[in-house]
Amino acid sequence: MLEIRANCELCDVDLPPHSKEARICSYECTYCRNCAETVLKNVCPTCGGGFERRPVRPHQSHRGELKLGLEYHPASKKRYVSKWTTEQIETLVNGLKDVPPEQR
Ligand SMILES: [Zn+2]
Ligand SMILES: [Zn+2]
């Protein structure tokens, strides 16, 4: 199940579960739209993959017996902080930004 992380790993802005600004890579590394597009240029600094919009998890369970939604699977409260330096990020981003994610 997708971990709905609480913040952008780079700038630490809050990314609540209903946010339309949250971007994730396939490993659930989570960034705000601004960092993903302007700083990271669609390159995850950890895995090198691209980003997609994080789906919004519904508030309620719409299939009662399945017990879904934030009510049963709340967003994570853990805050992540990028472990990479600005220089390390720039090196990876510059090497991959012009390669489409499906070819990395
Ligand atoms: Zn950010
Ligand atoms: Zn990643």
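The dialogue below goes through how several labels in this predicted model follow from their cut-offs.

Student: What kind of model is this, and how are its parts numbered?

Tutor: This is a predicted model, in which local features need pLDDT of at least 70 and side-chain atom pairs count only at pLDDT 80 or more, while totals for chains, interfaces and linings use all residues. Residues are numbered from 1 along each chain as its sequence is written, and chains are lettered from A and ligands numbered from 1 in the order in which they are written.

Student: How many helices and strands does the protein have, and in what pattern?

Tutor: Helices (H or I, at least four residues) and strands (E, at least two) are DSSP runs numbered from the N terminus, and by that rule the protein has two helices and three strands, which follow the pattern β-β-α-β-α along the sequence.

Student: What makes E1 and E3 a pair?

Tutor: Two strands pair if DSSP finds at least two bridges between them, and two bridges join E1 to E3, which run antiparallel; therefore the requirement is met. Within this pairing, Ile 24 has Glu 52 in E3 as its bridge partner.

Student: Why are E2 and E3 said to stand at the edges?

Tutor: The open sheet of three strands has the order E2-E1-E3, with antiparallel pairing. E2 and E3 each have a single partner strand, so one side of each is left without a neighbour in the sheet.

Student: Why is His 62 called exposed, or might it be called buried?

Tutor: A residue is buried if 20 or more other C-beta atoms lie within 10 Å of its own, exposed if 12 or fewer, and partly exposed in between, with C-beta atoms placed from the backbone. His 62 has 9 other C-beta atoms within 10 Å, and is therefore exposed. His 62 is placed in the loop between strand E3 (52–53) and helix H2 (86–96), and its C-alpha atom is separated by 24 Å from that of Ala 6, 56 residues apart along the chain.

Student: Why is Val 56 assigned to a class of its own between those limits?

Tutor: Val 56 has 14 other C-beta atoms within 10 Å, so it counts as partly exposed. Val 56 is also found in the loop between E3 and H2, and, not counting residues up to four places away in sequence, it touches Pro 17 and His 18, where contact requires C-beta atoms, placed from the backbone, within 7 Å.

Student: What makes the phi of Asn 42 and of Lys 67 worth a remark?

Tutor: Most residues other than glycine have a negative phi. Phi of Asn 42 is near 65° and phi of Lys 67 is near 50°, each a positive value in a residue other than glycine. Asn 42, in the loop between H1 and E3, has 17 C-beta neighbours inside 10 Å and so counts as partly exposed, whereas Lys 67, in the loop between E3 and H2, has 10 and so counts as exposed.

Student: Which residues touch the most other members of the largest nonpolar core?

Tutor: A nonpolar core is a set of buried Ala, Val, Leu, Ile, Met, Phe, Trp, Tyr and Cys residues joined through C-beta atoms within 7 Å. Of the 16 residues in the largest one, Tyr 31, Cys 32 and Cys 35 touch the most other members. Strand E1 (22–24), strand E2 (30–32) and helix H1 (33–39) are the elements that give two or more residues to this core.

Technical notes: Two residues are in contact if their C-beta atoms, placed from the backbone, lie within 7 Å.
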